Amino acid sequence: MNILVIHGPNLDLLGKREPEIYGKETLEEINNLLEKKAGERKVSLKIVQSNYEGKIVEVIGSSLEWADGIIINPGAYTHTSIAIRDALAAFNKPSIEVHLSNIYARENFRHHSYISPVCTGKITGLGKLSYLLALEALLEIIK
Ligand code: DQA
């Protein structure tokens with residue numbers, strides 16, 4: 001089973017970026033936890049971080065065959081990107097939107113997601129657990 005994990009803009013700064021909101025873990029630490037779980041379950045991960053909307057669209061488009069599921073934290077593109085939404089709609093297999101913070105407990109502009117309607121489900125507000133639970137859920141959904 002192959003799972004594509006996408007981290008959107010500014011998530012490369014985790015650990016330094018507003019730790020009171022996003023936590024103290026670095027992206028590398030979160031990726032290591034995901035890799036550990038994936039290894040235990042004999043699942044292959046492709047993990048990509050990009051600050052560029054077009055790059056994220058391309059990664060999704062080039063994984064249509066390879067990936068059995070997608071975990072995506074689109075960062076601020078959650079609230080702006082029809083292009084990423086359309087790419088996920090084209091994927092047409094299970095996908096989970098994740099957020100470290102609870103976007104509904106924050107500014108109004110974060111309450112709307114262009115991504116949610118084209119995802120199987122969404123986990124928001126559980127910090128690194130958002131990603132780990134998303135992986136658990138995808139494995140259950142796909143198997
Ligand atoms: C985020 C929430 C977004 O609103 C924000 O722009 C991010 C991170 C989260 O993981 O909580 O960059 O996706």
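The largest cavity encloses about 120 Å³ of space, the volume being that filled by probe spheres set on grid points joined across faces, edges and corners. The model is a predicted one, in which local features need pLDDT of at least 70 and side-chain atom pairs count only at pLDDT 80 or more, while totals for chains, interfaces and linings use all residues. Residues are numbered from 1 along each chain as its sequence is written, and side-chain values use heavy atoms, with hydrogens and water left out.

A cavity here is a set of points, on a 1 Å grid over the protein atoms alone, where a 1.4 Å probe fits but cannot get out; lining residues have an atom within 4 Å of a point. Across the whole structure, one cavity of 30 Å³ or more is found. Its lining comprises 14 residues, with Tyr22, Asn73, Gly75, His99 and Arg106 nearest the centre. By class, six of the lining residues are nonpolar, five polar and three charged; Ala, Val, Leu, Ile, Met, Phe, Trp, Tyr, Cys and Pro count as nonpolar, Asp, Glu, Lys and Arg as charged, and the others, Gly among them, as polar.

The ligand takes up the space of this largest cavity, more than half of its atoms lying within 2 Å of the grid points. Residues around the ligand, each with a heavy atom within 4 Å of it, include Arg17, Tyr22, His79 and Arg110. This shell divides into four nonpolar, five polar and two charged residues.

Polar side-chain atoms also approach ligand oxygen atoms, at 2.8 Å for Asn73, 2.7 Å for His79 and 2.8 Å for His99.

Terms used. A polar contact is a pair of N or O atoms within 3.5 Å; within protein, one must be able to donate a hydrogen and the other to accept it, and residues adjacent in sequence count only if both atoms are side-chain atoms. On a 1 Å grid over the protein atoms alone, a cavity is a set of points where a 1.4 Å probe fits but cannot get out, and a pocket is an open set with protein on both sides within 12 Å along at least five of seven lines; lining residues have an atom within 4 Å of a point.
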